[in-house]
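Biologist: Please put the model on the screen, and I will ask about its strands and its surface.

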Amino acid sequence: IIPAGTPVSVEEATDELLLTPAWFGKGSMIALRVMGDSMEGDAIRDGDIAIIKLQAHGAPSDIVALRIDGSDFTLKRVEMSGDVARLIPSNPSHHPR
């Protein structure tokens with residue numbers, strides 16, 4: 001599970017891991033079920049399956065699955081301002097962090 005809302009711990013996030021078929025492309029990828037509604041503006045809804053490419057960095061305005069404070073995970077857009085990252089939801093009922 002990858003939360004699109006309040007971040008959760010690694011233990012909670014890994015309750016359900018779905019296998020990813022090779023036809024998704026090259027590189028390490030996983031499929032995780034989305035939990036929450038903070039990314040609905042990008043048509044990512046609660047219960048959807050997110051295909052996530054495992055890599056160290058994303059490009060500006062990418063939607064990324066990221067680890068916060070070394071233990072919690074979430075699905076958001078990230079905006080950088082110098083060394084400060086802001087987590088941006090696409091649902092207006094959620095606030096950036």
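The questions below go from the whole chain to two hairpins.

Biologist: Which pattern does the chain follow, read along the sequence?

Modeller: This is a predicted model. The chain has 1 helix and 7 strands. Read along the sequence, these elements follow the pattern β-β-α-β-β-β-β-β.

Biologist: What percentage of the residues in the chain is buried?

Modeller: A residue counts as buried at under 20% relative accessible area. The chain has 97 residues, and the buried share of them is 30%.

Biologist: What share of the exposed area do carbon and sulfur atoms supply?

Modeller: The area that the chain exposes is about 6,300 Å². Of that area, the share from carbon and sulfur atoms is 54%.

Biologist: Which residue in the turn between S5 and S6 has a positive phi?

Modeller: Strand S5, residues 63-68, runs antiparallel to strand S6, residues 72-81, and 6 bridges join the two. Ile68 is placed opposite Asp72 of S6. The hairpin has 3 residues between its strands, and the one in the turn with a positive phi, about 55°, is Asp69.

Biologist: In S7, which residue is the bridge partner of Val78?

Modeller: S6 also pairs with strand S7, residues 84-88, in the antiparallel sense, over 5 bridges. Within this pairing, the S7 partner of Val78 is Leu87.

Biologist: Which residue takes a positive phi in the hairpin of S6 and S7?

Modeller: In this hairpin 2 residues lie between the strands. The positive phi is near 65°, and the residue that takes it is Gly82.

Technical notes: Residues numbered from 1 in each chain as written. Predicted model: local features only at pLDDT ≥ 70, side-chain atom pairs only at ≥ 80, totals over all residues. Heavy atoms only, no water. Helix = DSSP H or I, 4+ residues; strand = E, 2+ residues; numbered from the N terminus. Buried < 20%, exposed > 50% of the residue type's maximum accessible area, 1.4 Å probe, protein only. Areas by Shrake-Rupley, 256 points an atom, 1.4 Å probe, with all protein chains shown as cover. Pairing = 2+ DSSP bridges.
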